[in-house]
Amino acid sequence: MSENILEVKGLTKDYGDFVLDKLTFTVPKGVIMGLIGENGAGKSTLMKMIAGLVEPSEGSIELFGNFVPQTERYRIGCVIESPALYAELTAKQNLEVFRNAYGLSSKESVQQILKQVGLSQYENKIVKKFSLGMKQRLAIGIALLGNPDFLILDEPINGLDPTGIQDMRNFLLKLNREEHITIMISSHILGELSKIATKYGIIKNGKLIEEITAKELNEKCQCCLKI
């Protein structure tokens, strides 16, 4: 039996006019979990609850086998909604700010992250002059500073051009396959998500309507002729 990075049971958030309603699913170690749903379906709210940014109304979150998720959240890296970057600082300076904020002593980690996200040659470039794809890479680099085991990314390919989407896809696959980081990624661009996800959670109007592996989904979508 594979180890689960995340187990969510009956997770609910009631905003009055919108309810994320009794979500139950698991994220096994090593998968790329794709969250599918239209804008407003509740994907970002779910990610915020997992990351500890929003308190659930009901239900439980178990991280790395621990029913007290706040003790394990240091093992998570996340980019939810807009990347939080200092536009007037360079890429390297942004990473240094967050390295100090996280209390990380190793200055070498900044250079390692710049190399890891493919921004070494742009380390002294002001972030406001970055393309959207470069900003996304830097934001993910900040999320990787603490050497997380679980990466949560909210619409990281939204707004990118075709080249940027391909670069992001290859980057995430590399993190998963070579760095062995489990990833949860939300998107409504199904064609792109299908190229990297190994498991899916489909959310509609605040409800999880299906939890399915990529293999099961491919089998369901196969074209055939019955005689």
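**Cores, sheet and two buried loop residues**

Tutor: In this predicted model, the largest nonpolar core has 41 residues, and I140, L144, L151, L172, L175 and I183 touch the most other members.

Student: Which elements supply at least two residues of this core?

Tutor: β3 (32–36), α2, α3 (108–116), α4, β6, α5 (162–177), β7 (182–187) and β8 (199–204) each do.

Student: And which one gives the most?

Tutor: α4, with seven residues.

Student: What is I140 in contact with, leaving aside its neighbours within four places in sequence?

Tutor: V79, L151, L153, M168, F171, L172 and L175. Of these contacts, L151, L172 and L175 are also among the core residues that touch the most other members.

Student: How many residues are in the second core?

Tutor: The second core is separate and has 27 residues, including L63, F64, F150 and I152.

Student: Switching to the sheet. What is the strand order?

Tutor: The order is β5-β6-β7-β3-β8-β9, an open sheet of six strands with mixed pairing. At the edges are β5 (76–79) and β9 (207–213), each of which pairs on one side only. From one strand to the next the twist averages 15 degrees.

Student: β5 and β6, parallel or antiparallel?

Tutor: Parallel, over four bridges, with β6 covering residues 150–154. I76 stands opposite F150 in β6. F150 is also one of the residues of the second core.

Student: Which helix lies across β5 and β6?

Tutor: Helix α4, residues 132–144, and it runs at about 160 degrees to β5.

Student: Now α5. What span does it reach from its first C-alpha to its last?

Tutor: α5 reaches 22 Å with 16 residues, close to the 22 Å expected at 1.5 Å a residue.

Student: Which of its residues are buried?

Tutor: In α5 the buried ones are G164, I165, M168, R169, F171, L172, L173, L175 and N176. They pack against β3, α3, α4, β6, β7 and α6 (190–193).

Student: What about α2, which residues are buried there?

Tutor: A91, N94, L95, E96, F98 and R99 in α2. Their cover includes α3 and α4. After α2 comes G103, which has a positive phi, near 75 degrees.

Student: Where is T90?

Tutor: T90 sits in the loop between β5 and α2 (91–101).

Student: Buried or exposed?

Tutor: T90 counts as buried because its relative accessibility is 9%, and the cut-off for buried is under 20%.

Student: What does its side chain have for polar company?

Tutor: A polar atom of the T90 side chain lies 3.4 Å from the backbone oxygen of E123. Leaving aside neighbours within four places in sequence, T90 is in contact with E123, N124, K125, I126 and V127.

Student: Last one, E155. Where is it?

Tutor: E155 is in the loop between β6 and α5.

Student: Why does it count as buried?

Tutor: Because its relative accessibility is 12%, and the same cut-off of under 20% applies.

Student: What is E155 in contact with, again leaving aside neighbours within four places?

Tutor: N39, K43, Q136, S186, S187 and H188. Q136 lies within the residue range of α4, 132–144, and S186 and S187 lie within that of β7, 182–187.

Methods:
Residues are numbered from 1 along each chain as its sequence is written. This is a predicted model: local features need pLDDT of at least 70, side-chain atom pairs count only at pLDDT 80 or more; totals for chains, interfaces and linings use all residues. Side-chain values use heavy atoms; hydrogens and water are left out. Two strands pair if DSSP finds at least two bridges between them. Axes are lines fitted to C-alpha atoms, for helices over the stretch in contact, and angles run from 0 to 180 degrees between N-to-C directions. Contact means heavy atoms within 4.5 Å. Buried means under 20% relative accessible area, exposed over 50%, partly exposed in between (1.4 Å probe, protein chains only). A polar contact is a pair of N or O atoms within 3.5 Å; within protein, one must be able to donate a hydrogen and the other to accept it, and residues adjacent in sequence count only if both atoms are side-chain atoms. A nonpolar core is a set of buried Ala, Val, Leu, Ile, Met, Phe, Trp, Tyr and Cys residues joined through side-chain atoms within 4.5 Å. The expected span of a helix is 1.5 Å times one less than its number of residues.
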